[in-house]
Amino acid sequence: MTKVKEQIKIAGLLARKMLGMLTEEQLRDLQKWEEAGDNRKVEADILQPGAFDAWNKQMDNLDVSTQWTMYLNRMQRTTTRKKVIRLNIIRTVSAVAAMLVLAVSIGIVWKLTTEKPQKLALAEVSIEPGSKNAQLFLDNGQVIDLKAADAKSIDEGDVKIENNEGVLVYNDSQVAENKETAAKAKYVTNRLSIPRGGEYQLVLPDGSRVWLNSESELTYTVPFSPNERHVNLKGEAYFEVAHNKDKPFTVSTPSQTIEVLGTQFDVSAYSDDESIVTTLVEGKVKVEYKNSDKGTEVTYLAPNDQLVLNTETSAAKISQVDTHVYTAWKDGRFVFRNEPLESLLKTVARWYDVQIKIEDESVKAIHFTGDLPRYKNMNSLLKILETETSVHVEMSDDKILTVTK
């Protein structure tokens with residue numbers, strides 16, 4: 001039963017209870033509903049005197065008298081004169097009762113649907129993990145849902161694209177290796193967009209592989225030019241760049257540009273984060289960013305180096321890290337090392353497509369270390385956080401996760 005249908009059913013049962021018209025079966029149904037959660041409190045609030053004042057005001061403009069007269073006239077035309085007196089009495093009583101039930105039911109439905117979202121304990125929470133989900137925006141304006149059954153093979157001019165099991169592969173796209181082929185090539189710009197609660201893989205024309213995390217997008221031109229391979233990133237992606245010493249691979253974000261010849265690295269550049277984090281797994285990368293005091297800054301990263309660039313102050317910090325902590329997401333894990341609970345929850349929320357509300361400021365000072373599964377129901381993950389950090393988590397039915405001490 002859908003939520004709306006259930007609310008209508010409960011509204012009718014509560015209305016009949018007010019009027020003393022419940023059958024034994026209806027009474028059992030209502031008692032079953034009353035025993036769930038805090039529904040007895042909800043019922044008491046609904047049935048208290050004056051609960052329908054707001055609804056009554058909205059009903060003032062309805063001409064109920066006219067509608068009632070029309071209804072009685074239709075009844076009288078369909079009966080014989082002999083039965084009019086008796087049937088009119090029966091029908092009038094039944095109709096009045098029905099109208100009362102309808103009126104009270106409408107009021108209760110209004111009351112139920114205007115209540116604040118109900119908070120659910122963890123035992124009642126069931127939030128499934130994200131999935132392979134993305135949209136491909138083509139140069140011609142077409143938008144393709146990559147989850148659709150007919151999105152297996154995509155053509156855009158000379159560009160041939162295969163889509164299968166969460167991996168988008170560019171084939172036979174006539175990569176421009178020199179000026180002659182570049183002059184003949186037809187360039188198109190594509191954008192791969194990943195929603196909250198989604199992830200996808202991309203194989204570019206040069207064989208480079210990209211893992212895109214939730215709420216991210218990558219914009220690129222195919223074929224690549226003869227001089228460079230260039231992409232624009234919003235959000236987070238892990239790059240495994242095919243080596244080509246003659247053609248650098250560059251990744252641009254709003255605040256920095258990364259240049260490589262062939263390497264593996266992760267970039268997290270979400271617009272609602274205060275920093276861009278670049279983590280190098282292997283190879284060597286050149287990072288160029290704007291410094292408000294010194295102009296353009298250039299730095300180089302070696303394996304296990306991480307550059308954290310504050311987008312507000314332009315302050316940059318390089319340190320050695322365990323790269324697995326920052327790349328495990330592409331392999332189905334959440335790995336945290338002394339992570340502030342606020343940023344941890346923000347990361348998890350993107351994947352499960354929920355919102356976070358921290359009501360106690362002291363929660364933000366809590367740190368967590370652990371290795372959690374990425375493809376499990378959110379309920380199990382939240383239970384671990386509650387146990388390990390002594391916080392209390394509730395989920396409202398509009399998917400807002402509230403965390404308190």
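In this predicted model, helix α9 (residues 341-352) and helix α10 (residues 378-389) have axes that come within 12 Å and cross at roughly 170°. Angles over 145 degrees count as roughly antiparallel, so that label fits α9 and α10. On the α9 side, the contact is made by Leu341, Leu344, Leu345, Val348 and Tyr352; α10 brings in Met378, Leu381, Leu385 and Thr389. Sorted by class, that makes eight nonpolar residues and one polar, with no charged residues in the contact of α9 with α10.

Over to the strands, and to β8 (residues 188-194) in particular. Five of its seven residues are buried, so β8 is largely enclosed by the rest of the structure. Strand β8 has pairing partners too. With strand β3 (residues 135-137), β8 pairs in the antiparallel sense over three bridges, and Arg191 in β8 is the bridge partner of Phe137. Strand β11 (residues 216-222) also runs antiparallel to β8, and seven bridges join the two. Here Asn190 stands opposite Tyr220 of β11.

A single residue rounds off the picture: Phe265, which sits in strand β15 (residues 264-269). Its relative accessibility is 0%, so Phe265 counts as buried, the cut-off being under 20%. Setting aside neighbours within four places in sequence, Phe265 is in contact with Ala237, Tyr238, Phe239 and Val241, with Val251, Ile258 and Val260, and with Thr279, Leu280, Val281 and Val285. As for Val210, 55 residues away from Phe265 along the chain, the C-alpha atoms of the two are separated by 10.0 Å.

Key: Residues are numbered from 1 along each chain as its sequence is written. This is a predicted model: local features need pLDDT of at least 70, side-chain atom pairs count only at pLDDT 80 or more; totals for chains, interfaces and linings use all residues. Side-chain values use heavy atoms; hydrogens and water are left out. Buried means under 20% relative accessible area, exposed over 50%, partly exposed in between (1.4 Å probe, protein chains only). Helices (H or I, at least four residues) and strands (E, at least two) are DSSP runs, numbered from the N terminus. Two strands pair if DSSP finds at least two bridges between them. Axes are lines fitted to C-alpha atoms, for helices over the stretch in contact, and angles run from 0 to 180 degrees between N-to-C directions. Angles under 35 degrees count as roughly parallel, over 145 as roughly antiparallel, 65 to 115 as roughly perpendicular and the rest as oblique. Contact means heavy atoms within 4.5 Å. Ala, Val, Leu, Ile, Met, Phe, Trp, Tyr, Cys and Pro count as nonpolar, Asp, Glu, Lys and Arg as charged, and the others, Gly among them, as polar.
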